[in-house]
Amino acid sequence: MNTVLLKQKAKEIRKDIITMIAEAESGHPGGSLSCTDILTILYFDKMNIDPENPKWEERDRLVLSKGHAAPALYAVLSERGYFPKEELKTLRQLHSILQGHPDMKSTPGVDMTTGSLGQGLSAANGMAIAGKLDNKNYRVYVILGDGEIQEGQIWEAAMTAAHYKLDNLTAILDYNGLQIDGKNEDVMNIVPVKEKFKAFGWNVIEVDGHNFEELDKAIEEAKETKGKPTIIIAKTIKGKGVSFMENRVEWHGVAPKKEEAEKALAELERSEAK
């Protein structure tokens with residue numbers, strides 16, 4: 001793992017997120033920025049994929065269950081070579097391959113259409129079960145939002161994954177503490193998350209979701225864990241990398257204006273020089 005390279009990639013991706021959402025005048029910057037480091041290490045270090053062959057049967061799969069964070073996924077996919085970066089300028093435009101939520105029929109590299117919260121873990125279970133039945137060695141990753149785990153279907157899927165011993169499945173919880181209507185604890189308290197997943201039969205790992213060394217170790221542990229699925233509870237910061245967006249719920253689904261985007265990009269540019 002090249003930590004310096006991953007940090008550089010993550011910062012470039014964060015700049016793309018700001019630029020594309022500002023250009024579209026619509027989108028979700030807060031949760032896109034919080035899961036950027038998770039997506040970066042997966043696509044640039046951990047996943048067995050081939051951008052030249054997006055439908056390769058042996059590839060690892062990723063389900064972005066928190067589909068509103070699509071800008072982060074699109075920025076990563078373009079940086080990884082799935083499609084030209086120029087496409088990022090078309091986010092949310094009519095006939096664009098990059099709609100407001102991921103669409104597996106439109107966007108190269110997208111493994112599952114998502115957006116209706118709570119459904120992604122079920123889809124990932126299906127992929128993992130298929131891999132077992134077909135004797136494939138691919139792994140399935142699913143990124144969940146913390147507000148999303150208030151959905152009942154998540155817990156049905158959690159029970160299913162443990163029942164079928166889906167050790168080829170790794171869930172990563174983007175645990176930034178905020179959702180569209182405020183703090184998780186005020187909307188619908190999800191604590192204790194670790195104990196709940198353990199009770200459902202999962203291997204549970206807690207990490208700093210912006211620390212590549214911790215993410216690396218956790219993902220490797222998940223690969224080595226047999227007989228049960230793993231969830232990595234990644235503590236993150238909503239709006240990570242842009243000081244005036246960090247831990248601010250109002251940036252959940254609001255696009256930065258031109259001046260705000262310029263300020264954010266300048267801050268990210270300065271941080272690269274450190």
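1. In this predicted model, the C-alpha atoms at the two ends of residues 8-263 lie 19 Å apart, and the span is 40% helix and 13% strand. According to the unreviewed UniProt entry, residues 8-263 carry the annotation "domain: Transketolase N-terminal".

2. An open sheet is formed by 5 strands, with parallel pairing, in the order β1-β2-β3-β7-β6. Its edge strands, each pairing on one side only, are β1 (61-64) and β6 (203-208). On average, and with direction ignored, neighbouring strands of the sheet are turned by 20° against each other.

3. At the β1 edge, the partner strand is β2 (residues 140-145), and the two pair in the parallel sense over 4 bridges. Within this pairing, Arg 61 stands opposite Val 140 in β2. Helix α3 (residues 36-46) packs on the sheet, where it touches β1, β2, β3 (169-175) and β7 (230-235). The direction of helix α3 makes about 175° with that of β2.

4. The largest nonpolar core has 52 residues, of which Leu 39, Leu 42, Tyr 43 and Leu 62 touch the most other members. Helix α1 (residues 3-24) gives the most to this core, contributing 8 residues.

5. Leu 42 merits inspection in the viewer. When its neighbours within four places in sequence are left aside, Leu 42 is in contact with Met 47, Leu 62, Tyr 141, Ile 143, Ile 172 and Ile 219.

6. Another core, of 28 residues, lies apart from the largest one. Among its members are Leu 121, Ala 158, Ala 162 and Trp 202.

Notes. Residues are numbered from 1 along each chain as its sequence is written. This is a predicted model: local features need pLDDT of at least 70, side-chain atom pairs count only at pLDDT 80 or more; totals for chains, interfaces and linings use all residues. Side-chain values use heavy atoms; hydrogens and water are left out. Two strands pair if DSSP finds at least two bridges between them. Axes are lines fitted to C-alpha atoms, for helices over the stretch in contact, and angles run from 0 to 180 degrees between N-to-C directions. Contact means heavy atoms within 4.5 Å. UniProt positions are given in the numbering used here, feature names are shortened, and annotations may be inferred rather than shown by experiment. A nonpolar core is a set of buried Ala, Val, Leu, Ile, Met, Phe, Trp, Tyr and Cys residues joined through side-chain atoms within 4.5 Å. Buried means under 20% relative accessible area, exposed over 50%, partly exposed in between (1.4 Å probe, protein chains only).
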